[in-house]
Every structure is written in structure tokens, then in C-alpha cells.
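Got your viewer ready? Here is a short tour, one selection at a time.

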Amino acid sequence: MSRSRGFVVTIPSINFDHLGGTEIKLDQPSLSPPRTFVIGEKISEDYQTMTQEEYERQPGPPFAVIKFSCHSLLDPTQQGFMRIYMQIPLDGTLSSVPEVRAQQAVSQCTHTELKALVSLDRENCMAVPKLLGYGEGLQGVEEFVPGGYINYVAWERVPGEPVDYYTFWKRDFEYRQ
């Protein structure tokens, strides 16, 4: 279950829990050799769902965004987080044959978070976690939108507790200071 535009949306056929243990090779920014990360526990998932009519009015396709813990395959002490952005089918087409879902494919879509982390990493910004790597690709024929985009971004784990917007503003003034 997730939130989308203020509504609770249940998407029972889309499940990313099985990705734990998957190895993801990230080759950007120009990593030589590419770094491989192992996906750990799923931390969160959210969906930006759309009908055909909404898609025609909105910039960009519907997508899922899933956050996992991860670690480097070669150095398990290098802990981080990985977020996966993945195009999902338009509402009402999830159970359609792959050829129908493939007609919805958008082959490239770089999300704002990835653009920001790449830019900040390029400038050696120390105020955000270090970018460990990223990759952009296409979904296979057996995935949700064959030929649709999929992006991976990994960043280092830093000390402290993650606080999202809503949790932050619910806390008392002293905590927020």
C-alpha cells in the first residue's frame, strides 16, 4: 500500500520484496571497473500511478520508487542505500500482455534526485551523502513495462537518523532546532 496524490493506493501485483540479495552493477559516474552492490532490506516504496488521461496531461510516466539498504559486493563494510526508479504501467493495464505494456515504454527518464546527487558529487559537496554510483537502463521483456526505463542510485550511509518532511514537522521546536 502507498500514497499517491493524497489517496491510498493498493497495487497488489507489484511487489519488490524479492529483490533482497540481488546484485546491481553501477557504472556511473565513469566507474572503472563498475561497482557492484548487493540489495538488502527494503526500506520504503511508493508509486506515482496515472490513468491514460492523467499521463497525457502530466510530464513523465507513472513510476515506482523503492529504497533499499545495500552494501558493496567487494567490501561489505561499505554500507549505503539504493533507490530504484522504475516505470510502471498505466492504471488498468498491469495485467495486459507484455506487448501492450511495451507500447507505454519511455526509454529514458532521469529523476530529480539523481540529477541533484550527480551535480553535488561533481562539485565535491560535503553537505550530502557521497554518491556511490548510479546506472540507467531498460526493463526486460518480463518486467512491468518492457523497454521502459529503470534507474538505480546508491549513496553512502551516514550517521544519524533519517527524518522525512512529515516526521520533522511533527516534532517539537527544540528537536527541529
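**First stop: a tyrosine and its neighbours**

Select Tyr 152 and display what surrounds it: leaving aside residues up to four places away in sequence, Tyr 152 touches Ile 24, Leu 26, Met 82, Arg 83, Ile 84, Gly 133, Tyr 134 and Gly 135. Keep in mind as you look around that this is a predicted model.

Next, colour the second, separate core, which has eight residues, among them Val 118, Leu 131, Tyr 134 and Val 153.

**Into the largest core**

Now add Phe 16, Leu 26, Ile 39, Phe 68, Met 82, Ile 84 and Tyr 152 to your selection. These have the most contacts inside the largest nonpolar core, a set of 21 residues. Which strands each supply at least two residues of this core? Highlight strand S3 (23-26), S4, strand S5 (63-72), strand S6 (79-87) and strand S8 (149-156) to see them. S5 gives the most, with four residues. In soluble globular proteins, nonpolar side chains tend to be buried together.

**Along strand S4**

Stay with strand S4, residues 35-48, and pick out Glu 45 within that strand. Is Glu 45 buried or partly exposed? With a relative accessible area of 22%, Glu 45 counts as partly exposed, because buried means under 20%. Then draw a C-alpha to C-alpha distance from Glu 45 to Asn 15: the two are 30 residues apart in sequence and 9.4 Å apart in space.

**Last stop: the surface**

Finally, switch on the surface and select Tyr 165, Tyr 166 and Trp 169, which make a nonpolar patch of about 450 Å². Trp 169 belongs to helix H4, residues 165-170.

Technical notes:
Residues are numbered from 1 along each chain as its sequence is written. This is a predicted model: local features need pLDDT of at least 70, side-chain atom pairs count only at pLDDT 80 or more; totals for chains, interfaces and linings use all residues. Side-chain values use heavy atoms; hydrogens and water are left out. Patches are made of residues with over 30% relative accessible area and no salt bridge: like charges are joined within 9 Å, nonpolar side chains (Val, Leu, Ile, Met, Phe, Trp, Tyr) within 5 Å. Accessible areas come from the Shrake-Rupley method with a 1.4 Å probe; for residues, only the protein chains shown count as cover. A salt bridge is a side-chain nitrogen of Lys or Arg within 4 Å of a carboxyl oxygen of Asp or Glu. Buried means under 20% relative accessible area, exposed over 50%, partly exposed in between (1.4 Å probe, protein chains only). A nonpolar core is a set of buried Ala, Val, Leu, Ile, Met, Phe, Trp, Tyr and Cys residues joined through side-chain atoms within 4.5 Å. Contact means heavy atoms within 4.5 Å.
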